[in-house]
Amino acid sequence: LHSFLPRETREKKNRKSSEREHLNDNISISSKSSVCVSKASFVLHHLHPLVGRKRRFGKLRTRIRLGQQTMMEKKDDQESQQHPYYDAETKSTKWEAMWQNEEKNGESKPKFDCNRTEPALVHFLAKNTTFVPELQKTKSARVLVPGCGRGYALETFSSIFFDSENIVGLEVSETARNACEAYQSENKSKAKCVVEDFFTHDDKYDVIYDCTFLCAIQPTQRHVWAEQMRNLTKKGSRVISLVFPLGDFKGGPPFALSPELVKSLLQNDFDVEELIQVPEDMWARGRPEYLYVFIRK
């Protein structure tokens, strides 16, 4: 049929057909080129060993780890909101209510009370031959125990450092402070307990003992905890951390801890002096624990 068309019409159709074929060829080439360029860019950007990406990959891995840690902390915070004593307004635990509730129920001591100073700490202080004897000579050792509860550790430190009045415990609960003062009085200890926020406390100490305090605060506060440990110490000061509870469970308090986590929080300002895997016969709460000793740089 095409051959029966007038000559001008046939030439016009041929030109349009030729233009369409040329356009299709260009589109095909362009598409293939784009795909090739995209693949080449991907390879160069992500896989080629000579483009100097190692440092960026290292930073990327760090960001991923920090992101994962932050996500886990936020997940822990979310799960802690299911805790019966969680205060949604302040995003913290109602410790005063917990202490009052135990007394209201006729409990002489809260269920989270250890009933004694942790044996691992007692053993460590008795066997230490470095900073403990040095501080004993000064007779003015300054010790802080945040979240001291009834103050068993306060009484222990006070007896070791000659009933020093510089042994201080911090609490956020008035009921806990009253219980602590009563215990110190019963045991003729001069240590004192004050109701004050650890994160705004301002002083300098030779020794800070953290036991079930780090595990009690919200995971998103851990980096602030580390900064405050730096603020409250001086060169040569010690931070003693009883790492408990161990595990990878979610939610709290208490929130799961590990020696690696505690070290990662303090390593910028403190060196590790000693890490002790506490033997089973010294477990204060019937479960595994570590005693970490750090010295301020």
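This is a short dialogue on reading helices, packing and salt bridges in a predicted model.

User: Where do I start? How many helices and strands are there in the protein?

Analyst: Start with the inventory. The protein has nine helices and nine strands. This is a predicted model, so local features are read only where pLDDT is at least 70. Then look at cover. Of the 297 residues, 38% count as buried. The accessible surface comes to about 17900 Å², and carbon and sulfur atoms hold 51% of that.

User: What share of the contacts with a separation of 6 or more joins residues 24 or more positions apart?

Analyst: Contacts can be sorted by distance along the chain. Here, residues 24 or more positions apart account for 71% of those contacts.

User: Now a single helix. How many residues of α6 are buried?

Analyst: Burial is a matter of relative accessible area, and the cut-off is under 20%. Helix α6 spans residues 152-160, and eight of its nine residues are buried. Among them are Tyr152, Ala153, Leu154 and Glu155. Thr156, Phe157, Ser158 and Ile160 are buried as well.

User: What follows α6?

Analyst: Check the backbone angles past the helix end. Phe162 follows α6, and its phi is positive, near 60°.

User: How do α6 and α7 pack, at what angle and with their axes how far apart?

Analyst: Read a helix pair by angle, axis distance and handedness. α6 and α7 pack at about 35°, with axes 9 Å apart. The crossing is right-handed. Next, list who touches. From α6 come Tyr152, Leu154 and Glu155; from α7 come Cys180, Tyr183 and Gln184. By class, the residues of this contact are four nonpolar, one polar and one charged.

User: Take Gln184. Is Gln184 buried or exposed?

Analyst: Gln184 sits in helix α7. Its relative accessibility is 2%, so Gln184 counts as buried. Now look at its neighbours, leaving out residues up to four places away in sequence. Gln184 touches Leu154 and Glu155, and also Arg150, Gly151, Ser189 and Ala191. Leu154 and Glu155 belong to the α6 side of the helix contact.

User: On to charges. How many salt bridges does the structure hold?

Analyst: Seven. For each one, ask how close the atoms come and where the partners lie. Take Arg142 and Asp203, whose closest N and O atoms are 2.7 Å apart. Arg142 is in the loop between α5 and β3, and Asp203 is in the loop between β5 and β6, so the pair ties together parts that are 61 residues apart in sequence.

User: What is the relative accessible area of Arg142, and how does Asp203 count?

Analyst: Arg142 has 24% and is partly exposed. Asp203 is also partly exposed, at 28%.

User: Which residues are linked in a network of salt bridges?

Analyst: A charged side chain can appear in more than one pair, so check each partner in turn. Glu174, Arg177 and Glu181 are linked in such a network. Arg177 meets Glu174 at 2.5 Å, N to O. Arg177 also pairs with Glu181, with 3.9 Å between the closest N and O atoms. The cut-off is 4 Å, so that distance still falls within it.

User: Where do these residues lie in the helix, and how far apart?

Analyst: Count along α7, residues 174-186. Arg177 and Glu174 are three residues apart, so about one helical turn separates them. Arg177 and Glu181 are four residues apart, again about one turn. Both glutamates are partly exposed: Glu174 at 39% and Glu181 at 40%.

Conventions: Residues are numbered from 1 along each chain as its sequence is written. This is a predicted model: local features need pLDDT of at least 70, side-chain atom pairs count only at pLDDT 80 or more; totals for chains, interfaces and linings use all residues. Side-chain values use heavy atoms; hydrogens and water are left out. Buried means under 20% relative accessible area, exposed over 50%, partly exposed in between (1.4 Å probe, protein chains only). Helices (H or I, at least four residues) and strands (E, at least two) are DSSP runs, numbered from the N terminus. Contact means heavy atoms within 4.5 Å. Accessible areas come from the Shrake-Rupley method with a 1.4 Å probe; for residues, only the protein chains shown count as cover. Axes are lines fitted to C-alpha atoms, for helices over the stretch in contact, and angles run from 0 to 180 degrees between N-to-C directions. A crossing is left-handed if the near helix is turned anticlockwise from the far one by less than a right angle, and right-handed if clockwise. Ala, Val, Leu, Ile, Met, Phe, Trp, Tyr, Cys and Pro count as nonpolar, Asp, Glu, Lys and Arg as charged, and the others, Gly among them, as polar.
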